[in-house]
Amino acid sequence: MKTHTTALLLMSLGFPVLADDIAMEDQSQILTGAGDPASSKYFQPPKESELPDNTYGQLVQQGRAIFVDTKTHAPDYVGNGLACANCHLEQGRKANSAPLWAAYTMYPAYRKKNDKVNSYAERLQGCFQFSMNGKAPEADGPVIAALSAYSYWLATGAPTGQELSGRAYPEVPQPEGGYDLAKGEQVYDAQCAVCHGPNGEGQKSGDLYVFPPLWGADSFNWGAGMHRINTAAAFIKENMPLGKGGTLPDEDAWNVAAFMNSHERPQDPRLIDGSVEKTRDKYHANDGVNLYGEIVNGKMLGKGI
Amino acid sequence: MNVPLWPLAGLFLAISVSAHAADAAAVYSKGGTNPAAMACATCHGAEGEGMAAAGFPRLAGLSANYMRKQLADFASGARANPIMQPIAAALSHEEADAVSTMLADKPQPQVERIDRTALVDGPGESLALSGAWDRNIPECVACHGPSGTGVGDAFPPLAGQSAQYLSSQLTAWRQGTRKNDPNDLMGQIARSLTEDEVTAVSTYFAGLTDKGAAK
């Protein structure tokens, strides 16, 4: 599934954060209103106990396993330490966290990211290329089949081609006067480092990450939707700290999102002629609020790691 | 080699070490210099395995920094406990440090890895692996790691602890009598749990073995 990417993309679509001067991607059609995820106003996916005990049910389970522990179950396509479920909370079920049930029924769809109509399989492939910093699983292969089945099952009974409430991370308005990296670092140290580590490196149990790395070589790359500060702020506001979603002031969410995304991470795989400037002009200049190709603390971001 | 010299060398080493650091094994089994610092082994078992029936927790294999923090919190009163507060207050800094280090080096119990990919069976496992997100309750393994074996210095192991200890701590967080967790992360969650859920999830983690979850 579109895992991270999806989420990211979705989010980015809906975030006219800097008022008029930011042209958003193709997420314009996505609703970004907030709400209580437990509310019955959101679509309710089937319970795990309702999964049929047959070949179809087994494929759905395989998809769920890939979704929650991507590195273990789809190792050939994952190039970092993330799992789909890191961004799509509650195993892809949680409203306002880019749930799969709201994404599946909206494809095929045109995406500006690659300027064509994308199938759901292509959308999932994009997640692997960007958010997972890996390579696209074959569209007719077992990974996409399993993730598609899991998405389809979660969307059981959902209307096709109809925007469902809770599809995106609800937009958070950018603070007046913009964001502040120094304040973001203070928020990070106080609220985030206990889980994600003092340098955004995440924390492992054995070989596998429990807390995902937020920047550096094992995190999402510069092409992932989460590299947008507006998208990250929306995700953080909704979900972080885990179990305390909605408690951070909007300003803190923005500042800490900017701090996170002011660090180096793997290169955007769409890099043009080895040039960060060209890549910025084509893919990042009009992609929400982001720091790709910008100078921060005297160094240009976007060189990759 | 000159055999008779080696035991002497060892003796010198032992003396020079004890001059700088407390003897962790002695503190653990006999108590600290201050008589109020009772021997840890009295309640936590000869090998730090804890005493399940009485609710005394396992210490073997926990993060040294986690245990240092707990001892400091007992000493300062940040973590309330009528038994541990006077003991921790009577331990010297060096003794607390040494005994934490020694206990961290002891083995953790081996449990089968159970993560979010497993099919859930029953209310305890459901909370542990799936959470209850309609109440903003994340799955326990999201922070305490697969099988609740602990992550880093801030998220201690749940596997290997008794149901008595786990439920007493969750209840303390629910009631606000324990609140020395970072940023109220555990308190926030515990206050959303029901009594039945506390019992179920405590029983689940206490029942994890190298053969998986108790059924």
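Which helix of chain A holds A:Met260? Select A:Met260 to begin: its place is in helix H10, residues 250-260 of chain A. Keep in mind throughout that this is a predicted model.

**Stop 1: A:Met260**

Is A:Met260 buried or exposed? A:Met260 has 26 other C-beta atoms within 10 Å, and a residue counts as buried at 20 or more, so A:Met260 is buried. Next, show the residues in contact with A:Met260, leaving aside its neighbours within four places in sequence: A:Gly200, A:Leu214, A:Trp215 and A:Ala232. Then add A:Asn86, which is 174 residues from A:Met260 in sequence and 16 Å from it in space, C-alpha to C-alpha.

**Stop 2: the annotated ranges of chain A**

Select residues 58-155 and 179-264 of chain A, which UniProt lists, in an unreviewed entry, for "domain: Cytochrome c". Colour the two ranges separately. Over residues 58-155 the chain is 47% helix and 6% strand, with end C-alpha atoms 17 Å apart. Over residues 179-264 the figures are 44% helix and 8% strand, and the end C-alpha atoms are 18 Å apart.

**Stop 3: helix H2 of chain A**

Select residues 55-68 of chain A, which form helix H2. H2(A) has 14 residues and reaches 20 Å from its first C-alpha to its last, close to the 20 Å expected at 1.5 Å a residue. Its buried residues are A:Val60, A:Gln62, A:Gly63, A:Arg64, A:Ala65, A:Ile66, A:Phe67 and A:Val68. To see what they pack against, show helix H3 (70-73), H4 and helix H7 (142-154) of chain A.

**Stop 4: A:Glu90**

From A:Val68, move to A:Glu90: the two are 22 residues apart in sequence and 9.2 Å apart in space, C-alpha to C-alpha. A:Glu90 is found in helix H4, residues 89-92 of chain A. A:Glu90 is buried, with 20 other C-beta atoms within 10 Å. Which residues does A:Glu90 touch, not counting those up to four places away in sequence? Select B:Gly131 and B:Trp133, both in chain B.

**Stop 5: where the chains touch**

Now show the whole contact, which takes 21 residues from chain A and 24 residues from chain B. On the chain A side, H2, H4, helix H8 (181-196), strand S3 (203-205) and strand S4 (208-211) each supply at least two residues. H8(A) gives the most to this side, with 3 residues. Colour the chain A side by residue type and it divides into 10 nonpolar, 6 polar and 5 charged residues.

**Stop 6: the nonpolar cores**

The largest nonpolar core has 105 residues. Select the residues with the most contacts inside it: A:Ala233, A:Ile236, A:Val256, A:Ala257 and B:Phe205. Centre the view on B:Phe205, which touches B:Ala128, B:Gly148, B:Leu158, B:Ala159, B:Gln161 and B:Leu166, not counting residues up to four places away in sequence. For a second, separate core of 20 residues, select B:Val27, B:Ala60, B:Ala88 and B:Leu91, which are among its members.

**Stop 7: helix H11 of chain B**

Return to B:Phe205, which is one of the buried residues of H11(B). The others are B:Val198, B:Ala200, B:Val201, B:Ser202, B:Tyr204 and B:Ala206. Select residues 195-206 of chain B to show the helix; at 1.5 Å a residue its 12 residues should span 16 Å, and its end C-alpha atoms are 17 Å apart, which agrees. Finish by adding helix H7 (123-130) and helix H9 (163-175) of chain B, against which the buried residues of H11(B) pack.

Terms used
Residues numbered from 1 in each chain as written. Chains lettered and ligands numbered in written order. Predicted model: local features only at pLDDT ≥ 70, side-chain atom pairs only at ≥ 80, totals over all residues. Helix = DSSP H or I, 4+ residues; strand = E, 2+ residues; numbered from the N terminus. Expected span 1.5 Å × (residues − 1). Buried ≥ 20, exposed ≤ 12 C-beta atoms within 10 Å, placed from the backbone. Contact = placed C-beta atoms within 7 Å. Nonpolar A, V, L, I, M, F, W, Y, C, P; charged D, E, K, R; others polar. UniProt positions renumbered as here; feature names shortened; annotations may be inferred. Core = buried A, V, L, I, M, F, W, Y, C linked by C-beta atoms within 7 Å.
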